[in-house]
Amino acid sequence: MTGNETVYKQVIAKWGKRAQLEMLQEEATELALATRKYIRKDDNKRFHELAGEVADTLIMIEQLFLICPNMEESVKGVKAEKIVRL
């Protein structure tokens, strides 16, 4: 976890777990769209937009790790397996 756990807990308490999971879904979709736009036009504007969407998605993933306490460890294990397959 980063150093933002207190802020994330406040946000989750205010908006609820479901709302934050829906925001994760939305941010992941926006990341996919920003990636598509960056592929089409590799310029500073698209790069900055992509970086913003990566940041938004990472923030939501960090909240997911608080919402689902076993998720972070599970992700680490699955990630290690996938890296081996690379």
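The crossing of helices α2 and α3 is left-handed in this predicted model. The two helices pack at an angle of about 155 degrees, and their axes lie 8 Å apart. Since angles over 145 degrees count as roughly antiparallel, α2 and α3 are therefore roughly antiparallel to each other. Sorted by class, the residues in the contact of α2 with α3 break down as follows.

| Class | Residues in the α2 and α3 contact |
|---|---|
| Nonpolar | 14 residues |
| Charged | eight residues |
| Polar | four residues |

Let us turn to α2 itself. This helix covers residues 17-40, and its 24 residues should span 34 Å at 1.5 Å a residue. The C-alpha atoms at its ends are 35 Å apart, which agrees with that expectation.

Which residues of α2 are buried? They are Q20, L24, E27 and A34, and their packing partners are α1 (5-15) and α3 (44-67). A general point helps in reading such a list: an α-helix has 3.6 residues a turn, so residues three or four places apart point the same way.

Further along the chain is M71, a residue of helix α4 (residues 71-85). Is M71 buried or partly exposed? Its relative accessibility is 29%, and because buried means under 20% and exposed over 50%, M71 counts as partly exposed. Neighbours within four places in sequence aside, M71 is in contact with L64 and F65. As for I61, 10 residues away along the chain, its C-alpha atom is separated from that of M71 by 9.8 Å.

Methods: Residues are numbered from 1 along each chain as its sequence is written. This is a predicted model: local features need pLDDT of at least 70, side-chain atom pairs count only at pLDDT 80 or more; totals for chains, interfaces and linings use all residues. Side-chain values use heavy atoms; hydrogens and water are left out. Helices (H or I, at least four residues) and strands (E, at least two) are DSSP runs, numbered from the N terminus. The expected span of a helix is 1.5 Å times one less than its number of residues. Buried means under 20% relative accessible area, exposed over 50%, partly exposed in between (1.4 Å probe, protein chains only). Contact means heavy atoms within 4.5 Å. Axes are lines fitted to C-alpha atoms, for helices over the stretch in contact, and angles run from 0 to 180 degrees between N-to-C directions. Angles under 35 degrees count as roughly parallel, over 145 as roughly antiparallel, 65 to 115 as roughly perpendicular and the rest as oblique. A crossing is left-handed if the near helix is turned anticlockwise from the far one by less than a right angle, and right-handed if clockwise. Ala, Val, Leu, Ile, Met, Phe, Trp, Tyr, Cys and Pro count as nonpolar, Asp, Glu, Lys and Arg as charged, and the others, Gly among them, as polar.
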